[in-house]
Amino acid sequence: MSRLDATSLLHTPSPPSPPSKPTTRRRLLRVISITLAVLVACLSLLLLVVRSSPTTPPNYGSLFISLASNDTAARHLRALTLHPHVAGTRANSLTAAYVRDAFSALSIPSHITPYSVLLSYPIHRSLSLAVPGRETTTSFTLSQETYPNDPYASATAEVMPTFYAYAASGSVSAEAVYANYGREEDFAYLASRGVDVAGKVAVARYGMIHCEDIVHNARVAGAAAAVVYTDPLQYGGAPGEAWFPSSRWLPPTGVQVGSLFRGVGDPTTPMWGSSEGCERMSVEEAMATDDMPGIPALPVSARDAAEIHASLGGDAAPADWQGREGSPVYRLGPGPAILNLTYTGNDTMATIENVFAVIEGAEEPDRYVILGNHRDAWTFGASDPNSGTAAMIELAERLSVLRKQGWRPRRTIIFCSWDAEEYGLTGSTEWVEENREMLSSRAVAYLNVDVSVQDPDNSSQTVYDSWVKSNISPSIGRLGHGGSDFCAFVQHVGPGYPVYHSLYDDFVWMEKFGDPGFRRHAAAASIWGIMALRLADEEILPFNYKPYTSELEEYTKVVENEIRGTAVSCSPLHSAIRALKIAATKINGERKELQRQLLSNQLSKDSMKIRALNDRLMQAERAFTNREGLFKQEWFKHLVYGPSEQNDWESASFPGVGNAIASARSDNTTKSWKFVQHEIHRVARAITQASVVLTGSLT
């Protein structure tokens, strides 16, 4: 969530290549480094100051880095991806046991916490294409083909049929309409062209927003059903280029599955934990909420979509709606292609299992540094999420060596292996909701990884050097979207690779293209672990709120541009940000003075002055949350960063303000613009409260 000056954290030497691998390797996956979720998502922090602290014992950090093991990460990843393991299945329960046992073998106390939650599985699905005047009807197999000599061919029989979790059961026979990326503006364009979507089957492609928003927008536009496919433009490489296993690209039969639930957590326990004997909505009530898709929908392959496109008539779609070079012309429809879609789902209560391992802190056991990664996968999950799981276990193995050398963290480190993330961040959300009050007072930071694929391609340079070369800024960007397990920590309490969510996200793809040699896994574990060590061990928490104010000023400029020509004013934001800048400068000075006193032995490491300063640094982020939540997205409490109503997969700044502006533009009434002003005041009050917390004095 926060912007992180990566200079010293990423000055980590790349792990050496294993002897069995060539020193030069194909650079086919540089883009995947962007998806590295080592980008911090913290419950309570804003900005990590990454200059080396004079009080950090250098020996343990150096020892931690030296223990990097490519082979260890590869071994754990292979074990975790032998079988597909969807949440709520026996196969995923076995992965929970594997992770628990891996931690226990390191003498790290571990346990499993189960939850009963609403999950969704396919019973029956079918899709066929008919064209008036054409004698034959095309029935799509809706299957992903294995490849020759696939070592996991036998295990693919265990893969769940391609489907969308929580899709409405039903049958639809209607003309098809092409809706580009399925965004609100795409459906608005169709309306402007006189293309009626009502009662039709919307055909959209992945690329800009996630599947739950695509299907939601289709329903709002009046579509009776939706079909979403992986277009070769995004997932197939250049025309004529090979696909997996010959290259990293998604095969023509590849299908990206997912969940259509727009909420988070267990749908039957909204806003509260799914604990034993708790209050619950019925399955029928949960499935009837607006967070559910409400219409049947299916994900399909590029090959199947190409046949649908070939049967569509109507006007040619705009240039930016077309496929890759050499593809047939995409047309808008409607029809004459008629799609017959049937889906029957089993929406049922099932048991999921979160795994926890705890290294108790020596001086501050009641302060938690939390490391998390989800474990469940739609198929084999070699990239998403088990590259992160493998890195987390490898990280824990290094810490176990440090413990044997006498290291104990100052603060408690908690490892979390979440279940059912793919369904709606379910495992992490239920745990956070159940432990909300404890976490709100004790959690220092939450560090999340899904796809642990960094980019140490050149062993002669640091990860930081590689990062700077492939990014505009040397800072790690802020995480504010709702796409992974940091969401519950950040927004409630206070895809970047071609085979994403498909059959082909297996160990072979990772070994050949995702991370040959598994150096990226080891590098990610190094960065992840060094961050955890600093947060757990340093006497004064390395948080800096000063750069936060610069970000807030930039976001305010964006809002000012959006409200230009209206009576709405951003002056409350400007005033609040100025106060925060003063408070951040003051507490930075206090930190510097306490560090000086520590170095000169004028201050004990256990001084209450340090504890008091840390409390203010830790609690300030919580001030940005509001119990009423965001406008139109009440579960999300963080007023500064979060997902927008239009796209819950991407980060938005001042999301409640953005939602209010979108509504005001639609209604264009004095009342709606007055509400925008109200949302601006809400954010300004939150920023002011953060200043008060940092200052540590009553008004």
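**Entry 1: helix H11**

I began with helix H11, which spans residues 426-434 and is mostly covered, with eight of its nine residues buried. I noted the buried ones by name: Thr426, Gly427, Ser428, Thr429, Glu430, Trp431, Val432 and Glu433. The model I am reading is a predicted one.

From Gly427 I looked for a contact far back along the chain. Val264 and Gly427 are 163 residues apart along the chain, and their C-alpha atoms are separated by 9.7 Å. I then placed Val264: it sits in the loop between strand S8 (258-259) and helix H7 (283-287). I checked its cover as well. Buried means under 20% relative accessible area, and Val264 has 14%, so I put it down as buried.

**Entry 2: strand S11 and its partners**

Next I took strand S11, residues 364-374. Nine of its 11 residues are buried, so I wrote it down as mostly covered.

I asked myself which strands pair with S11 in the parallel sense. Strand S12, residues 411-418, is one of them, and the pairing runs over eight bridges. Strand S13, residues 443-448, is another, joined to S11 over five bridges.

For S12 I wrote down two facing positions. Glu364 stands opposite Arg411 in S12, and Tyr368 stands opposite Thr412 in S12. For S13 I kept one: Ile370 stands opposite Tyr446.

I then traced how the chain gets from S11 to S12. The path goes through helix H9, residues 386-404, and this β-α-β crossover is right-handed.

**Entry 3: strand S12 from the other side**

How many residues of S12 are buried? I found eight of its eight buried, and S12 is mostly covered. S12 also pairs with strand S10: five bridges join the two, and they run antiparallel. Here I noted that Val355 stands opposite Ser417 in S12.

**Entry 4: a distance to helix H9**

I returned to H9 for a moment, since it carries the crossover between S11 and S12. My interest was in Glu394, which is 323 residues from Asp71 in sequence. In space the two are 9.4 Å apart, C-alpha to C-alpha. Asp71 is found in helix H2, residues 70-80. Is Asp71 buried or exposed? Its relative accessibility is 58%, and I count it as exposed because the cut-off for that is over 50%.

**Entry 5: cis peptide bonds**

I looked up two cis peptide bonds. One runs from Gly333 to Pro334, with omega near 0 degrees. Pro334 has its place in the loop between helix H8 (302-310) and strand S10 (338-359). I had already met S10 as an antiparallel partner of S12.

The other joins Asp384 and Pro385, where omega is about 15 degrees. Pro385 lies in the loop between S11 and H9. I marked that loop on my trace of the crossover, which goes from S11 through H9 to S12.

**Entry 6: positive phi in one loop**

Where do Leu142 and Asn149 lie? I found Leu142 in the loop between strand S3 (138-139) and strand S4 (164-165). Asn149 is also found in the loop between S3 and S4.

Phi of Leu142 is near 55 degrees, a positive value in a residue other than glycine. Asn149 has a positive phi too, about 65 degrees, although it is not a glycine.

I compared their cover. Leu142 has 5% relative accessibility and counts as buried, whereas Asn149, at 77%, counts as exposed.

**Entry 7: the second largest pocket**

I ended with the second largest pocket, which holds about 490 Å³ of space. Of the 22 residues that line it, the closest to its centre are Arg262, Gly263, Asp291, Lys632 and Trp635. By class I wrote down nine nonpolar, five polar and eight charged residues in the lining.

Why do I place this pocket between two domains? Domain 2 (122-347) and domain 3 (545-695) both give residues to its lining, so it lies between them.

Notes. Residues numbered from 1 in each chain as written. Predicted model: local features only at pLDDT ≥ 70, side-chain atom pairs only at ≥ 80, totals over all residues. Heavy atoms only, no water. Buried < 20%, exposed > 50% of the residue type's maximum accessible area, 1.4 Å probe, protein only. Helix = DSSP H or I, 4+ residues; strand = E, 2+ residues; numbered from the N terminus. Pairing = 2+ DSSP bridges. Right-handed = clockwise from strand over helix to strand, strands pointing away. 1 Å grid on protein atoms, 1.4 Å probe; cavity = no way out; pocket = protein on both sides within 12 Å on 5 of 7 lines; lining within 4 Å. Points joined across faces, edges and corners; volume = space filled by probe spheres on them. Nonpolar A, V, L, I, M, F, W, Y, C, P; charged D, E, K, R; others polar. Domains from an automatic or database assignment.
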